[in-house]
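This note sets out points on the packing and the charged contacts of the structure shown below. It is meant to be read alongside the sequence.

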Amino acid sequence: MAATQSRLIESLRDRYRAGMPVRVLFVCLGNICRSPAADGIMHALVEEKDGRGLWQIDSAGTGNYHIGDLPDKRMRIHARRRGYELTHRCRQVREADFDDFDIIIGMDDMNLRDLRRLAPTPEAGEKIMPMSAFFGIATRYDYVPDPYYEGAEGFELVLDLLQSATANLYYLVTDRR
Ligand code: 4NP
């Protein structure tokens, strides 16, 4: 992990130890497949493990094609099989998100580039991290691949990557598995 990324994680650990909310925003292109799934998985994870209401989790898209929509039906079905109900309503990333969140996690390189362009200040830009930094499973991917034009395996792969990454993020911040 790069030095700025380690500093960012350390700042989240400080917040958590101080009893302050840890505010996480997951970002993809459409906000109907990858990021609402990450959002739903992380919500379920902190609800199960934490219960102190210290986490604020949301997701957004860099694009504006699906604003107000529920997650893609295929993603909802695959997620439900793993016990996750995805109820997020699609929204677009906005500049205020850089104030409202402590870490902004992009799913792929295009998301990261778009986020860097949106960041209002260099300090705000330092809140951006790739989801792949948290992958804990062996994979040939160094990003979360867009499943939109893929079949069932694409959605399953995304869920595998997201379950691993959210669990690792939680562990890095709390020291608890
Ligand atoms: P997501 O997938 O970025 O994981 O939500 C996509 C969903 C929709 C589109 C692209 C990607 N689209 O072009 O409509």
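**Points on charged contacts and core packing**

1. D175 has a relative accessible area of 48% and is therefore partly exposed. The model under discussion is a predicted one. In this model, D175 pairs with R13 in a salt bridge whose closest N and O atoms are 3.0 Å apart. The two partners come from distant parts of the chain: R13 belongs to helix α1, D175 to the segment after α7, and 162 residues separate them. Unlike D175, which is partly exposed, R13 is buried, at a relative accessible area of 16%.

2. Which residues are joined with R13 and D175 into one network? Through salt bridges that share partners, E10, D14 and R17 belong to this network together with R13 and D175. In total, the structure holds 17 salt bridges.

3. R23 and D102 form a further salt bridge, with 2.7 Å between the closest N and O atoms. This pair also links distant parts of the chain, since R23 sits in strand β1 and D102 in the loop between α4 (97-100) and β3, 79 residues apart. Are the two partners buried or exposed? Both R23 and D102 are buried.

4. A salt bridge is likewise found between the side chains of D160 and R82, at 2.9 Å from N to O. Because D160 lies in helix α7 and R82 in the loop between α3 and α4, this pair ties together parts that are 78 residues apart in sequence. D160 counts as partly exposed, with 35% relative accessibility. R82 is also partly exposed, its relative accessible area being 24%.

5. Turning to nonpolar packing, the largest nonpolar core comprises 41 residues, and the members that touch the most others are F26, W55 and M131. At least two residues of this core are supplied by each of α1 (3-17), β1 (22-28), α2 (34-49), β2 (55-61), α3 (73-81), β3 (103-106) and α7 (152-174). Which element gives the most to this core? The answer is α7, with 9 residues.

6. A second core, separate from the one above, contains 12 residues. Among them are V27, L115, A124 and I128.

7. Some elements appear under both headings. Helix α7 holds D160 of the pair with R82 and gives the most residues to the largest core. Helix α1 holds R13 and supplies at least two residues of that core. Strand β1 carries R23 and likewise supplies at least two core residues.

Note on methods:
Residues numbered from 1 in each chain as written. Predicted model: local features only at pLDDT ≥ 70, side-chain atom pairs only at ≥ 80, totals over all residues. Heavy atoms only, no water. Core = buried A, V, L, I, M, F, W, Y, C linked by side-chain atoms within 4.5 Å. Buried < 20%, exposed > 50% of the residue type's maximum accessible area, 1.4 Å probe, protein only. Helix = DSSP H or I, 4+ residues; strand = E, 2+ residues; numbered from the N terminus. Salt bridge = Lys/Arg side-chain N within 4 Å of Asp/Glu carboxyl O.
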